[in-house]
Structure formats: C-alpha cells, structure tokens
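This briefing goes through one protein model together with its bound ligands. Please have the sequence and the 3D view open while reading.

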Amino acid sequence: MKKTALITGIRGQDGGYLAKMLLEKGYEVYGADRRSGETGFWRLKELAIYEDVKIVYMDLLELTNVMKIIEKVKPDEVYNLAAQSFVQASFDQPLLTSDINSLGVLRLLESLRVIQPDAKFYQASTSEMFGKVEHSPQTEATPFHPRSPYGVSKLFGHWITVNYRESYGMFCCSGLLFNHESPLRGLEFVTRKISYSVGRILYGLQNKVVLGNVDAKRDWGYAPEYVEAMHLMLQQSNPDDYLIATGESHSIREFAELAFKTAGYQIEWKGDGVNTTGIDRKTGKVLIAVNKEFYRPAEVDALIGRAEKSSKTLGWKPKITFAELAALMVEADIKRVETEISTRK
Ligand code: NAP
Ligand code: F7E
C-alpha cells in the first residue's frame, strides 16, 4: 500500500528535495506550509513537483491547526523540517525562534501521541547544537554546547524527540545533520550568498560580496544526499539518532575561492578580521569585503562530523565533494542570473 508522508517546512531547501525523493519512491506526499503570503513555491516548481505535492496549511505555532492536519492526513511518516533556521536571525528573534523550533516540535509530538502514535517521526536536529565543540570530530556522543538561540532551541527539539521515544515507545529519530547546501539553499546562508553574488559580479550586476567571519569552518555536504539519510533513519527496525556529515571541514574563505574560481576569478586575500579583502588577481578589484554587521554575538568557530554510525547502520555515505558542491552552486546561479537578465530585456 502507498505510504503517506507529511513534510513540515515544505517550502524550504530540504522540504523540496525530500518531497521529490519520496514521490519518486511512490509515497503520497503532503507538504505543510505555514501560509506566509508568499505564493511562489519556487523550489517545488524548479524541482517540477509542485503539482504532485498536496499542500496543507499548518503553522507549528498553532496546536489545534497541527492536530487537525494530523487527523486529516493520518501520516505513516512525519518529517519535521519546519524551523526558523537562520542562526543570525535567532539573535534578533530568540522567542519566536524558540516557539517554533522548541515548542513547535512538542506540539507536533503531542498531536501524534494523541492522534497517530504509530507514525514514524523525524526531527531535523543540527550540528549547531555542538557549538563550542568539546572535541573534534563530533560524533553522536559529543556533549552539546550551543552558541545561539537557534542552537539552544534545537537542543530542546532534539531532547523532546528522544524523550517521546523513551517515554511512549514512539518511533522518533533525531538527525544530527551538519551544514548541507545546494542551488536551492536560501540566499541568507553564506554559500548561496556567495554563489549568487559570483553570478551577479560576472554579469556586472554587483561589484563585490560583503561577508562576516570568513575564518569560520564548517562541514559542508550536498542537500539531496542528506534527505536520503532522513528517509533511511525511518526505515530501520528501531528508532535512533544519527549524525550526518562529510568528515571534512573548510573555511568560508575556501568556499569563496572555489566559487569565484568556477567563474574564472582567482582570489588573492589581503588583511585579516574585519580588514580582510579578497582581490581579483587579474584586475586588482576588490571582489570580497568584510563587515562587522554579519558577525554573530557568539560564533561557532569550527565543525567537523564523523558519520561512522550512519555509514555502518544506514549504509549512508556522502558522494559530492566540497569542490564539486561550490562549482555546481555557482553554475546554477550563473544560469539563474542569465535568465534574470534575458527576461528583463
Ligand atoms: P529552510 O530552507 O529555512 O526551511 C525551513 C522551512 O520552515 C521554511 O520553509 C519555513 O517557511 C518553515 N517554517 C518556519 N516557521 C514555521 C512555522 N511556524 N510553521 C510552519 N513552518 C514554518 O531550512 P532547510 O535548510 O530546508 O532545513 C530544514 C530543517 O533542517 C530546518 O529545521 C533546519 O533548522 C534544519 N537543519 C538544516 C541544516 C542545513 O544545513 N540546511 C542543517 C541541520 C539542520 P517559510 O518558507 O514560510 O519561511
Ligand atoms: O553561516 C559565517 C557565519 O548562515 C555559516 C543553517 O542551515 O547550518 C546553517 O547554519 C558560517 C557562520 O550557516 C557570512 O558566521 C560569514 O560561521 O551559512 P550560515 P550556519 O550558521 O552554519 C546549520 C547546520 C543549521 O542548522 C542552520 O539551520 O558562515 N558567515 N559571512 C556568514 N554567514 C552568513 N549567513 N552570511 C555572511 O555574510
């Protein structure tokens, strides 16, 4: 029989890729949208699945709304991807972030416990929970030390997921996913901010990209591979928590160098901290500048994950390399910029 999946955060990067993958596997896919007024669904359209996903309106802030949707959809699998997911914004909106990312998870779990306790549940947890890391590489056993309201709010989401598994025997999994990127990444995140800027700089639509702390390091993977891991977690005999990462860590500087290289620029770095600039070796023009505005009150300096348990138990392994990721994002954004220019004429 056809399985039914409910994906919250359907408008987001992961929501789109996960929906596509589940549709290909023959699932009936319901996508929960919080009805923000934005009607585009651009990611579902780019993935050519907009007609196939059944959109339901559900805001994680509204308990009765969540209950009604669970009652209506009666999902076999629930993927909770909805979140205020931008770390920087969580410093400006800590209460809203916590309401969505912490209590929102609990609203969903309570609704499932009462209405559909046999549904399998995936919680989108994050490497941001490791924050000021206690050891490297991080594993499922590494202690948490979040550095932002976002990280703290996700920690509640993680533990309440574990708690519902332990208290009620529900099939609840928490995925400790490290940064994953793609051409469908939101423009506020640093990789996509860079890749889109490279496309615009190439066509003379902007002079430079202004960044924050370019010395931070992340373990960056490719989003379509990460949604496969979410699905695998819910197909195991027993629920558990899994870390998903590439095992490599790179700085924002490195990502920027590779991104600009894809468009034919060679970056030469000058200065450090807020005085850092990235200069085009050929023309001497400043293509990258730094502004304190994009620094965070508390930074996560460096993350690197070890996904050994996921490799052994789920058979999951990353495939796309860091250099391939930067190149494919820039290539997609160059095409987008070309389309924007041609449709403007
Ligand atoms: P994303 O692109 O920011 O998508 C999140 C979605 O959540 C958005 O579509 C947003 O809706 C929706 N949302 C926000 N508040 C909501 C609410 N109150 N009720 C219902 N929906 C709401 O995030 P993503 O990159 O796809 O990530 C998916 C999940 O994984 C998130 O929970 C994120 O925190 C987590 N995560 C991401 C990464 C990563 O590297 N991408 C790594 C670890 C964990 P609107 O479109 O209306 O704003
Ligand atoms: O920042 C530095 C910034 O916003 C990465 C979310 O999906 O992954 C994401 O969180 C790093 C940080 O991602 C700029 O200070 C420098 O050190 O792209 P980001 P994030 O904070 O790692 C985790 C796993 C999640 O769970 C989150 O939901 O880049 N940085 N300059 C910058 N960051 C941004 N956004 N913009 C800059 O100009």
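The points below cover the two ligand sites and then the two sheets.

The model is a predicted one. Ligand 1 is surrounded by 26 residues, and ligand 2 by 22. Two open sheets are described, one of 7 strands with parallel pairing and one of 4 strands with mixed pairing.

**Ligand 1: surroundings**

- Among the 26 residues around ligand 1, the closest are R34, D59, S85, Y150 and K154.
- By residue class, the shell around ligand 1 consists of 11 nonpolar, 9 polar and 6 charged residues.

**Ligand 1: polar contacts and burial**

- Y150, one of the closest residues, has a polar side-chain atom 2.6 Å from an oxygen atom of ligand 1.
- The backbone also takes part: a backbone N or O atom of D14 is 2.8 Å from an oxygen atom of ligand 1, and a polar backbone atom of G12 is 3.2 Å from an oxygen atom of the ligand.
- On its own, ligand 1 exposes 900 Å², and 90% of that is buried by the protein.
- Three elements supply two or more residues each to this shell: α1 (13–24), β5 (120–126) and α6 (149–168).
- The largest contribution to the shell around ligand 1 is that of β5, which gives 3 residues.

**Ligand 2: surroundings and position**

- Of the 22 residues around ligand 2, the nearest are S85, T126, Y150, R296 and E299.
- S85 and Y150 are also listed among the closest residues to ligand 1.
- The shell around ligand 2 holds 9 nonpolar, 6 polar and 7 charged residues.
- Where does ligand 2 lie with respect to domain 1 and domain 2? Ligand 2 lies between them, because domain 1 (4–181 + 220–244) and domain 2 (190–218 + 250–301 + 321–344) both give residues to its shell.

**Ligand 2: polar contacts and burial**

- The side chain of K193 places an N or O atom 2.7 Å from an oxygen atom of ligand 2.
- The side chain of R185 has an N or O atom 2.9 Å from an oxygen atom of ligand 2.
- A nitrogen atom of ligand 2 is 2.9 Å from a polar backbone atom of E188.
- Taken alone, ligand 2 has 700 Å² of accessible area, of which the protein covers 96%.

**The sheet of 7 strands**

- Its strand order is β3-β2-β1-β4-β5-β6-β11, the sheet is open, and the pairing is parallel.
- The edges are β3 (54–57) and β11 (242–244); each has a single partner strand, so one side of each has no neighbour in the sheet.
- From one strand to the next, the twist averages 25 degrees.
- Strand β2 (residues 28–33) runs parallel to β3 and is joined to it by 4 bridges.
- Within this pair, G31 has I55 of β3 as its bridge partner.
- β5, a member of this sheet, is the strand that gives 3 residues to the shell around ligand 1.

**The sheet of 4 strands**

- This open sheet has the order β8-β15-β14-β13, with mixed pairing.
- β8 (209–211) and β13 (267–270) are the edge strands, and each of them pairs on one side only.
- The twist from one strand to the next averages 20 degrees.
- β13 pairs with strand β14 (residues 277–280) in the antiparallel sense, over 4 bridges.
- In β14, the residue opposite I267 is D280.

Terms used. Residues are numbered from 1 along each chain as its sequence is written. Chains are lettered from A and ligands numbered from 1 in the order in which they are written. This is a predicted model: local features need pLDDT of at least 70, side-chain atom pairs count only at pLDDT 80 or more; totals for chains, interfaces and linings use all residues. Side-chain values use heavy atoms; hydrogens and water are left out. A residue is near a molecule or strand if one of its heavy atoms lies within 4 Å of it. A polar contact is a pair of N or O atoms within 3.5 Å; within protein, one must be able to donate a hydrogen and the other to accept it, and residues adjacent in sequence count only if both atoms are side-chain atoms. Accessible areas come from the Shrake-Rupley method with a 1.4 Å probe; for residues, only the protein chains shown count as cover. Ala, Val, Leu, Ile, Met, Phe, Trp, Tyr, Cys and Pro count as nonpolar, Asp, Glu, Lys and Arg as charged, and the others, Gly among them, as polar. Domain bounds come from an automatic or database domain assignment. Two strands pair if DSSP finds at least two bridges between them. Axes are lines fitted to C-alpha atoms, for helices over the stretch in contact, and angles run from 0 to 180 degrees between N-to-C directions.
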